[in-house]
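Hi everyone, thanks for making the time. I'd like to walk you through one structure this morning, so let me put it up on the screen.

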Amino acid sequence: MYNYFYIQGGYINILNAIKLFRRTLILIILIISAVPSYSAQRQARDTYEIIIAGGGTGGISAAIQAAKMGRSVLVVEPSTWIGGQATAAGVSTMDDMSRQKSGIYLEFINRIKHYYDTRGKSMGTCYWDSRSVAFEPHIGQEALVGLVNDARKLGTLDFLMSSNIIEVSRNGRVISGVTVQLPDRSKRNYKCSVLIDATEYGDILPLSRTRYRVGNTSSQFTDNNAMIQDITWVAIMHKYSGGIPEYLRPTTPLPGYDLAKRNYESYVTADGFNFRNTYPVALPVNFMTHNSYRGLPDSSNPYSYDADRDNRSYTTKTSVNWGNDYPGTYGWNGKRGLPVSYLENKNLRRQAEHDALIKTLHFIYYVQNELGEDWSVADDEYRNRILPEAAQGLPREWQEIVRRMPVIPYVRESRRIIAKHTLTSHEILQNSLSYRDGQTSHEFRDAIAIGGYILDLHGAASDADMEWEFEERANSAVINRPRGPFQVPMDILIPEDTDGLIAAEKNISATRLSAGALRLQPITMMTGQAAGALAAVAVRDGKLPRQVKALRVQWELLNAGVNLSLCAYSDVPPENPLNKSIQLSNLYGLAEPQEYPHVPSYNIRDYDDPVLAMAIIRGADKGTFGVDTLITNGEADAILRNARKAMNIPGTGNITAGKSHNYISRGDLAKAVYDAFPELKNIRVKGAKLPFKLGKHRNSEYVNALGLLGVLDIYGSREDFRYGSPVTKGEAVDVIIRAMVAVAS
């Protein structure tokens, strides 16, 4: 027998009542624990070292990194959520093909994993593969709030939510501040040393009078009819086993439904295909296959499931992000994609986003009325008191649906800065071939992040849409597809014609096709973290971002747990204290390893490549550095020569003393390093303490000087330095890298 409550003229099953209460409680807790409310924000200071426009994946990572480095940071976010495309836009199925996780992205994923692990739930619920990573948007939001609160313990991190930067102050080439429009429509001015553009559209670029590319044109000669990628207004849908609540079951379709129905019939039908573990996917698919493609864990479901074939039918929550691209197959005036004017014209942007929202609402009606499924928008994710501008004019019954949808659309392409260098798809391919198929290094010396994805454009992918000056065509997406993880270089974050501005999202200096591989959540979180580190170093050192050497930023990122090199060694695991320096040795070409990895190239979207799998089993994906081998004077001299070359220090003579075939000692290495980098003599560190006991050795002068600079930290703080001990290859690289970092300041 069932127990029932009488509520407002109807009956509700007590179990459903408990579920509803639990979902409501989760939302209340989320709201209470979220970033500061606007009323608390009114007390924000007028000057910040760093201001970040946009609290999306790139912006929030930049903010967290900069605050952890002790800087004062203000984030100005137009929506009511942080996390951008991963949370606010509902794209919480991680498009991570790099096989690598590090830095803030790894911290973020680990927090979410802990949440689901403690509840016995899997994160591997999407892409028909249990090795995938997915989460509910509100759980991702909670994880980010936790990371924000941790960062606040080390620096200042304030937020202005539901606010927009409407003006950028610029003195000559240098950015000096912004004007913000607050939620009550009032305006307030803020000063800053560095401004980071992490908006979804690259909206700071025209405000700051920074040159940029948009579509296959530039801001100097903008063609508003050039095309960019589709957008998508995602929905998070949930299966209501007790029947859909009436307020989530609209009775009347919206105008244009007949056209939308024909579109969706080509993607998903009641008797469509199951996923056959091959690409391209046979269409139309059945509803179960559709849901497993972007399947999410479900906190309201007491049971767990993953995306393996036998478990897909148990999925009770999914993200709608497939057949609802806008304009998608509809096209725009006979072309695929959206026109550049979507980014340049705010009125057209509002109209396009309204239509994108309507297209997704059509899908909800299609699922309920054509497929007969008890699915609607999830009632435990979003609860928007204020409807997004795109929902204006909707009938009341549809407004209840929209209140439970993501607060922003998924925008795949934005304006892109023009830097001294523009990253092309061919460069990404070459970089991804590092250490593959018998090749050696094509690594970027100024690498600040590692990602991995295909060259993916949703619409606007014809020859006419590409940038021919960079020798890119439609078939470049296949020819230049990455064959493994690839790096992001620092120089594409810094605009050529503006100082004090850094790009941190989809607005970095890359071709359209390259940007198609750099726009995914893991990569934007990594590049955002790098942008935050770059900004923090610039402020700390009193320099413009373009004056900061990559090595300084890389050292900060490595200390924050970011991986930078594409080459891994079996004798230098991540926990090895020498790992950071040896990664930099790879980038700057300091020391040849004993053996490079021998890993095959592969289709980056194929996790089951048998040749790659066998190479990993054999350990061929890792080389051998020879970290513990003793080195001679001659070998140390070669490493020092390479280091001087990397730092553009002239000179040709021998640096080390003694016979070249004799093993070098610690004391002699200290003298050689001190002699190799003349600038070390001019560096003073306030408050530094000598880590070693003062000695009377002939090299004590050099050991003392380098010890105060932290160059000899690998030897700890032993009382006796042991001047005569032989030096290993790993030790030599670490000492020399630390000297390079000191000189780069």
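Let's begin at arginine 213, whose bridge partner in S11 is serine 218. This is a predicted model, by the way. Arginine 213 falls within strand S10, residues 212-214, and S10 pairs with S11 through two bridges in the antiparallel sense. Zooming out a little, the open sheet here is made of three strands, ordered S11-S10-S21, with antiparallel pairing. Which strands stand at the edges? Those are S11 (217-218) and S21 (416-417); each has a single partner strand, so one side of each is left without a neighbour in the sheet.

Now for some backbone geometry. As a reminder, most peptide bonds are trans, and most residues other than glycine have a negative phi. Here are the exceptions I'd like to show you.

Take the loop between strand S15 (268-273) and helix H9 (287-293), which holds proline 280. The peptide bond leading into proline 280 from tyrosine 279 is cis, with omega near -5°. That loop between S15 and H9 also contains asparagine 277. Asparagine 277 is not a glycine, yet has a positive phi of about 65°. With a relative accessible area of 44%, asparagine 277 is partly exposed.

Another cis peptide bond links tyrosine 326 to proline 327, and there omega is about 0°. Proline 327 sits in the loop between strand S17 (325-326) and strand S18 (338-339).

Then there is arginine 185, also not a glycine, with a positive phi of about 75°. You'll find arginine 185 in the loop between strand S7 (174-181) and strand S8 (187-191). Is arginine 185 buried or exposed? Its relative accessibility is 61%, and the cut-off for exposed is over 50%, so arginine 185 counts as exposed.

Let me finish with the empty space inside. Rolling a probe the size of a water molecule over the atoms shows where such space is left. How many cavities of 30 Å³ or more are there? The count comes to four. The largest cavity has a volume of about 80 Å³. It is lined by 15 residues, and those closest to its centre are Ser98, Gln100, Ile450, Gly451 and Pro522. Strand S22 (447-451) and helix H16 (521-541) are the elements that give two or more residues to this lining. H16 contributes the most, with three residues. Sorted by class, the lining of the largest cavity has six nonpolar, six polar and three charged residues.

That's my tour, and I'm happy to take your questions.

Definitions and conventions
Residues are numbered from 1 along each chain as its sequence is written. This is a predicted model: local features need pLDDT of at least 70, side-chain atom pairs count only at pLDDT 80 or more; totals for chains, interfaces and linings use all residues. Side-chain values use heavy atoms; hydrogens and water are left out. On a 1 Å grid over the protein atoms alone, a cavity is a set of points where a 1.4 Å probe fits but cannot get out, and a pocket is an open set with protein on both sides within 12 Å along at least five of seven lines; lining residues have an atom within 4 Å of a point. Grid points are joined across faces, edges and corners, and a volume is the space filled by probe spheres set on the points. Helices (H or I, at least four residues) and strands (E, at least two) are DSSP runs, numbered from the N terminus. Ala, Val, Leu, Ile, Met, Phe, Trp, Tyr, Cys and Pro count as nonpolar, Asp, Glu, Lys and Arg as charged, and the others, Gly among them, as polar. Two strands pair if DSSP finds at least two bridges between them. Buried means under 20% relative accessible area, exposed over 50%, partly exposed in between (1.4 Å probe, protein chains only).
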